[in-house]
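Visitor: Hi, could you walk me through this one? I'd like to look at burial, helix packing and charged pairs.

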Amino acid sequence: MHRGSPLLVVGGAGTGKSRVIAARFLALVAEGSAPERLLVLTPTAARAQALRAGLEQSLERGYEELCVETPLALAARLLDAAGWENDALSSVLGAGDRLAMLLGRIDELPLRHHDFGGSATALLGGFVRRIDRLKAELVTAEDYAHWAGALAEGEDGALVDAPDGGASAALEQEFAEVYRAHERMLGEASARDAGDLLREALRMVHERPGTARRFEHVLIDDAHDFDLAAASLARAVAVGGLTAAGDPRAALRRFRGAGAARLRDLAAGDTHLVSLERGLRCSERVARAASVVAASPQPDSPPGGEVAFWRCANDRAQAQSVAADVERLISREGVKPGRIAILVSAVAREGQAVAVALEERAVAHRLVGEAAFFQRAEIRDVLAWLRLLADPADAGAVVRALARPPVELRSVDIARCTQIARRRKLDMVAALAAATESPQVPPEARERIRVFLKLHRSAVAALDTTRPDLYVHRLIERLGLRRQQLFAAQADVVERLRALARFGELASAHVRRAPQATPREFARSIAAVADSGLREQEEPKLTDAAAVQVLELGAAGGLDADHVYVLGLHVGLAAPVPEQIPDALLREDIPADTAENRRAMLRQLLYVAITRAGRRAVLAYPEAGERGSAHGPSPLVEEARVALGAEWEEKQEELFGPAETLHSTYRMLRDELLEGTMRAGGRLGELRFDTDLDVSHAVVRYLELLKVAALIARPDGQSVTEALRDVNSRILQAVTSEQREIFTSSVLDEYLLDAERDAGRRAKAMAARDEPSLDPFLPKRGDGVVLSASDIDTYRTCPLKYKFARVFRIPQEPTIHQRFGILVHQVLERFHAGDGSGTLAELLGLLDAGWRRGGFADSEEERQLRGKAASALTRYHARFQSEESEPMWFERSFTFKLGPHLLRGRVDRVDRLPGGEYELIDYKTGRPKSAAQLADDVQLSLYAVGAREAWRLEASQQAYYYLLDDQKVAVPSDEGGREWILEVAMEVAEGILSQGFEPTPSFAACSMCDYRLVCPAAER
Ligand code: SF4
């Protein structure tokens, strides 16, 4: 065994570096070291847990404790042990907590120069990320302020490249002030972040070197994944022996390739270097693909393995093909779900589509990563209640609470209640109280509404008096969320219980930050954090995973699976953009952020992803993007395919086969049965007339499960149709007449027999077993529906979104940007209501008057919007004066018939062009889209047909006028092409009439959707 100088073990993925660390630990113990005097450091808690579990199994002798830690846990341990702190970790606030802190005190932040860009939370979330990165690089707020101050004074040449040196200096200086304010607010709350804890521990070790002597030997695993602050602490405590292991091929993934600097530092001086050359995890073909992608030599590896290359028609085809393949592995090949991993470039994007596809097949899975925490169903349940308690007008939150346990109001009754709210102009909670008196609402629904109102009454009473953490705890208990989980069948029950506990911790952190805060304030703050892009970090499970894990490429390090799917490998895939830190502030020599360096990072990212697979890797890309644009594969993947002599496999959207249908239906029914039993059981104690009906429904759910189990086990050669007949007749011999009626009226048989149905129709058939028709709530005129361009757009984006917006008509408070858009439209409408010869002063006067009436306040964000509106209108006025075309109509409406349906719209402006032709113009206050992005545009195409049908006017041109950017984008119009919009409108109208409201979740749709909180498809 090597002794004396530090030891650095380098090797590729799966070459056994962690095993070497564990073996060295055991060898040191065998030579006489006490286990508690050895420190093992890993970059993440999950990796620490996996290493600790291995050591606990292997150590023969007893010990007081094992120190297998992350750098943060080590920092807390050192500070606590030295008496500098008492439970240092408990004072650490995560990124979400600090975002909430900044949001709560946004008025104290100097934000004159940064553009809010439509979202204060996104801007502040970006600040928190940047601050975290600066602290990981040991750059303090004072360092930053000093540097930024020098820029403003012109003493630093760093701005030479900046197009607008003055503005950049002002932005940097403003950020430095935000950084300082962040530090001040943390101090005032007696809290700190992870960066502070590491820095303080480092300072303490330097001031009291004795504290580090406690460890005879420090062992670092995955050293390439340590940030500068963490690595500095590790080196500072390694005053005895040091052993480190790292992978140079994965070192560039860290911030701008800082991992390579880490390995360079460790290799300096008299360090003894050992290189591991034999691959132990990846089989030969997988290792070969990874080596080609990483452009590095291939290690010796066990023979065999498989690498498949999938060219998928689109994102959905990609997600469904993966889900079908995963289901095949689990149900036919007996692969454990925990040995399968699906890697995506962004969980919020492809991860959601994959989760939906896995859910359709009832495959137990776990979405890991930044976006996962607030997407959890149980977390959304608590959030919805907190939101509605703080604001009874938050209709989306009320609808969610009504639809979910313990209330579970049916869709049709929810539609009745939103109708009452609208008609009587009540907030949703008041409307529910009114609904209990309404003859339109059936008695069973009234009972459920009373359950809601009772819960609401008891919870609202303590909203301004209880401590937020206690309040959240009681709310979770009252709603029975923990109890529901205990009876749920999903494999991730423990995860869900943990998530609920974590939510309670967020409330505790809030109390620490603001001891006087009420639950109402906590509700507002946590709702803002949930809406922001900054979420709770989660790590993949590295040991004993019970479910298929779906995670981001960048979080894959440390994972070990048999089957790995790497998705989204199209030509546009790029390494994440690193946080912008000025080189002058960096304390280590790391590569510049260049295109070449980012390409090298991407290679390493893919290398790490592929090498997670022991037996089989599937590399997939969608051929068509969300907007229909065509993609090729990433050149790196193409290189690997050619090197392996493999062919692309074409993948279309996957249909269920008969065997898959039976297995997935069984899992789906089993989950539904367990949850339904809990609900039915909960209602048995209530004094109701229809209790026996509840019991019969519960029994029939069980019989349906029995039926599917019998079909799976049917004799070889017997068809599903034949088997169904036999099984049904046997079951029917053992039931009551009421159960018989429910059993025979179920659509389950029809669903099982038609195995070729697509996923949407399957889900609809399953849902239809319980739901009555929504027909009375559809926007109908006679036999047809009434449609506008935005209705068509909404339905095509996602039919479920249409249902929430136009069938349930869930009342929505307009956002500040929607109000802003409406105001600008109104100002222009009023301006043109005269003879059109108004002066600029008059136009701006209308803005002033509208601004006051529109209820805008004077926050920094509102002031920015006000400025944008004034300059946009000034440019509009100048353009309007100089244009040759003559405006003929403003805000002109049209209505025309399409078969039984009625199409409606209103055109902002119609101009007569110098040649006598007409142009339709629609104003927009959002960001401009290119003509290519507008190729499939519904609105102006419909307006052109509307002008022809209703006004007998043929428009030769149509354009969007993006007011804030003073940009007019023409949308091409050719006569033949216009008819497509009528076909689209007809299809949409028929979809609505047949109540086809299946969700079509996608990142583009869901990230902009106001109904995320209500939507079951947007949660995990
Ligand atoms: S969140 Fe997504 S799936 Fe749900 S309604 Fe909105 S767009 Fe549709």
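Guide: Happy to. One term to start with: a residue is called buried when its relative accessible area is under 20%. Keep in mind as well that this is a predicted model.

Visitor: Good. Which residues of H32 are buried, then?

Guide: The buried residues of H32 are Pro799, Leu800, Lys801, Tyr802, Lys803, Phe804, Ala805 and Val807.

Visitor: And why is helix H32 described as largely enclosed?

Guide: Helix H32 covers residues 799-807, and eight of its nine residues are buried, so the rest of the structure largely encloses it.

Visitor: What follows H32?

Guide: Arg809 follows H32, and its phi is positive, near 50°.

Visitor: Let's switch to packing. How do you describe a pair of packed helices?

Guide: With two values: the angle between the axes and the distance between them.

Visitor: OK, so what are those values for H16 and H17?

Guide: Helix H16 (residues 411-424) packs against helix H17 (residues 428-435) at an angle of about 110°, and their axes are 8 Å apart. Angles of 65 to 115 degrees count as roughly perpendicular, and H16 and H17 are therefore roughly perpendicular to each other.

Visitor: Which residues meet there?

Guide: From H16 there are Cys417, Thr418, Ile420, Ala421 and Arg424, and they meet Met428, Ala431, Leu432, Ala434 and Ala435 of H17. By type, the residues of this contact between H16 and H17 are eight nonpolar, one polar and one charged.

Visitor: What about H26 and H27, at what angle do they cross?

Guide: The axes of helix H26 (residues 691-712) and helix H27 (residues 720-732) cross at roughly 140° and come within 10 Å. That angle makes H26 oblique to H27.

Visitor: Left-handed or right-handed?

Guide: H26 passes H27 in a right-handed crossing.

Visitor: And which side chains should I highlight, I mean which residues are in that contact?

Guide: On the H26 side, pick Leu703, Leu706, Lys707, Ala710 and Leu711; they meet Val720, Ala723, Leu724, Val727, Asn728 and Ile731 in H27. The contact of H26 with H27 consists of nine nonpolar residues, one polar and one charged.

Visitor: Where is Arg714 in relation to those two helices?

Guide: Arg714 sits in the loop between H26 and H27. Leaving aside residues up to four places away in sequence, Arg714 touches Leu662, Ser719, Val720 and Ala723. Two of those, Val720 and Ala723, are also among the H27 residues that meet H26.

Visitor: Is Arg714 buried or partly exposed?

Guide: Arg714 is partly exposed, at a relative accessible area of 25%.

Visitor: Now the charges. How many salt bridges does the structure hold?

Guide: There are 63. One of them joins the side chains of Arg98 and Asp132, with an N to O distance of 2.9 Å. This pair links distant parts of the chain, since Arg98 is in helix H4 (residues 95-104) and Asp132 is in helix H5 (residues 120-136), 34 residues apart.

Visitor: How accessible are Arg98 and Asp132?

Guide: Arg98 counts as buried, at 3% relative accessibility, while Asp132 counts as partly exposed, at 28%.

Visitor: Any other pair that links distant parts of the chain? Which residue is bridged to Glu108?

Guide: Arg184 forms a salt bridge with Glu108, and their closest N and O atoms are 3.6 Å apart. Arg184 lies in helix H7 (residues 165-188) and Glu108 in the loop between H4 and H5, 76 residues apart. Arg184 is partly exposed, with a relative accessible area of 40%, and Glu108 is partly exposed, with a relative accessible area of 40%.

Visitor: Back to H26 for a moment: what is Glu704 bridged to?

Guide: To Arg701, with the closest N and O atoms 3.4 Å apart. Glu704 and Arg701 both lie in helix H26, three residues apart, about one turn of the helix. Glu704 counts as buried at 0% relative accessibility, and Arg701 is buried at 13%.

Visitor: Which residues are joined into one network by salt bridges that share partners?

Guide: That network is made up of Arg98, Asp132, Lys135, Glu183, Asp193, Asp196 and Arg199.

How values were computed
Residues are numbered from 1 along each chain as its sequence is written. This is a predicted model: local features need pLDDT of at least 70, side-chain atom pairs count only at pLDDT 80 or more; totals for chains, interfaces and linings use all residues. Side-chain values use heavy atoms; hydrogens and water are left out. Axes are lines fitted to C-alpha atoms, for helices over the stretch in contact, and angles run from 0 to 180 degrees between N-to-C directions. Helices (H or I, at least four residues) and strands (E, at least two) are DSSP runs, numbered from the N terminus. Angles under 35 degrees count as roughly parallel, over 145 as roughly antiparallel, 65 to 115 as roughly perpendicular and the rest as oblique. A crossing is left-handed if the near helix is turned anticlockwise from the far one by less than a right angle, and right-handed if clockwise. Contact means heavy atoms within 4.5 Å. Ala, Val, Leu, Ile, Met, Phe, Trp, Tyr, Cys and Pro count as nonpolar, Asp, Glu, Lys and Arg as charged, and the others, Gly among them, as polar. A salt bridge is a side-chain nitrogen of Lys or Arg within 4 Å of a carboxyl oxygen of Asp or Glu. Buried means under 20% relative accessible area, exposed over 50%, partly exposed in between (1.4 Å probe, protein chains only).
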